[in-house]
Amino acid sequence: MHVKAVTVVYLVVALLGESSAQNVGQTGVQAHRGPPVHFFASMPTSLSGYVDHIKYTDVTLNIGGGYNKYSGVFTAPVSGVYQFFFSYQSGRGNDNNALYLVVRGSEVMVSHSQIAAPSTASNLSTYMTVLKKGDVVYVKQKHGLIWAEPWSRTITFSGSLLSQIF
């Protein structure tokens with residue numbers, strides 16, 4: 001367990017930058033001992049065009065209550081290191097697909113695909129970051145066509161608290 005805590009400290013220092021290294025030692029980063037935070041949600045229908053906040057309405061898991069299926073937004077219930085995943089399957093056609101992960105109002109990563117008809121492709125993206133309590137994360141689609149059926153779970157958004165920061 002001690003090795004994990006050291007690894008987490010180095011990870012947070014790398015994420016926060018060298019200037020924050022002293023604060024990490026003062027605030028204390030520990031292997032996750034606080035309340036668990038995990039969510040997994042999927043979108044049961046296809047989406048096309050611009051969608052500012054994808055609303056993943058089929059929520060399978062929402063431990064800690066951070067994900068809101070009505071807004072499509074995850075709000076960090078505690079400060080810590082979080083990891084997020086989002087996936088989609090591009091629709092059949094010549095669409096140029098682009099989904100963005102938005103953290104605290106900034107687009108931090110894009111998952112892009114352009115597949116010629118009649119092919120399709122699945123995409124999975126992951127992102128790890130430090131969030132403060134109350135920070136928000138969501139996924140938006142700027143353009144394209146992504147495919148889903150209620151049984152397929154091809155459009156997903158999930159996240160977990162890896163380590164709490166005190």
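These exercises work through the fold of one protein chain, each with a solution in steps.

The model is predicted: local features need pLDDT of at least 70, side-chain atom pairs count only at pLDDT 80 or more, and totals for chains, interfaces and linings use all residues. Numbering starts from 1 along each chain as its sequence is written, and side-chain values use heavy atoms, with hydrogens and water left out.

**Exercise 1. Composition**

Task: State how many helices and strands the protein chain has, and give their pattern along the sequence.

Solution:
- Apply the terms. Helices (H or I, at least four residues) and strands (E, at least two) are DSSP runs, numbered from the N terminus.
- Count the elements. The protein chain has two helices and twelve strands.
- Read along the sequence. The pattern is α-α-β-β-β-β-β-β-β-β-β-β-β-β.

**Exercise 2. The open sheet**

Task: Give the strand order of the five-stranded open sheet and find its edges.

Solution:
- Fix the criterion. Two strands pair if DSSP finds at least two bridges between them.
- Write the order. It is S4-S5-S10-S7-S8, with antiparallel pairing.
- Find the edges. Strands S4 (67-68) and S8 (106-114) each have a single partner strand, so one side of each lacks a neighbour in the sheet.
- Look inside the sheet. S7 (residues 96-103) and S10 (residues 136-143) run antiparallel, joined by six bridges.
- Pick a residue pair. Leu-101 is opposite Val-139 of S10.

**Exercise 3. Strand S6**

Task: Determine how covered strand S6 is and list strands that it pairs with.

Solution:
- Set the cut-offs. Buried means under 20% relative accessible area, exposed over 50%, partly exposed in between (1.4 Å probe, protein chains only).
- Check the cover. S6 spans residues 80-90, and nine of its eleven residues are buried.
- Take S9 (residues 122-131). Ten bridges join this strand to S6, antiparallel. Tyr-88 has Asn-123 as its bridge partner there.
- Take S12 (residues 156-164). Eight antiparallel bridges link this strand with S6. Phe-84 faces Gly-159 across the pairing.
- Take S11 (residues 145-147). Two bridges join this strand to S6, again antiparallel. Here Ser-90 stands opposite Ile-146.

**Exercise 4. The whole chain**

Task: Describe burial, contact range and exposed surface for the protein chain.

Solution:
- Burial: 41% of the 166 residues count as buried.
- Contacts (heavy atoms within 4.5 Å): among those with a separation of 6 or more, 72% join residues 24 or more positions apart.
- Surface (Shrake-Rupley method, 1.4 Å probe): the chain exposes about 8,400 Å², and carbon and sulfur atoms supply 56% of it.
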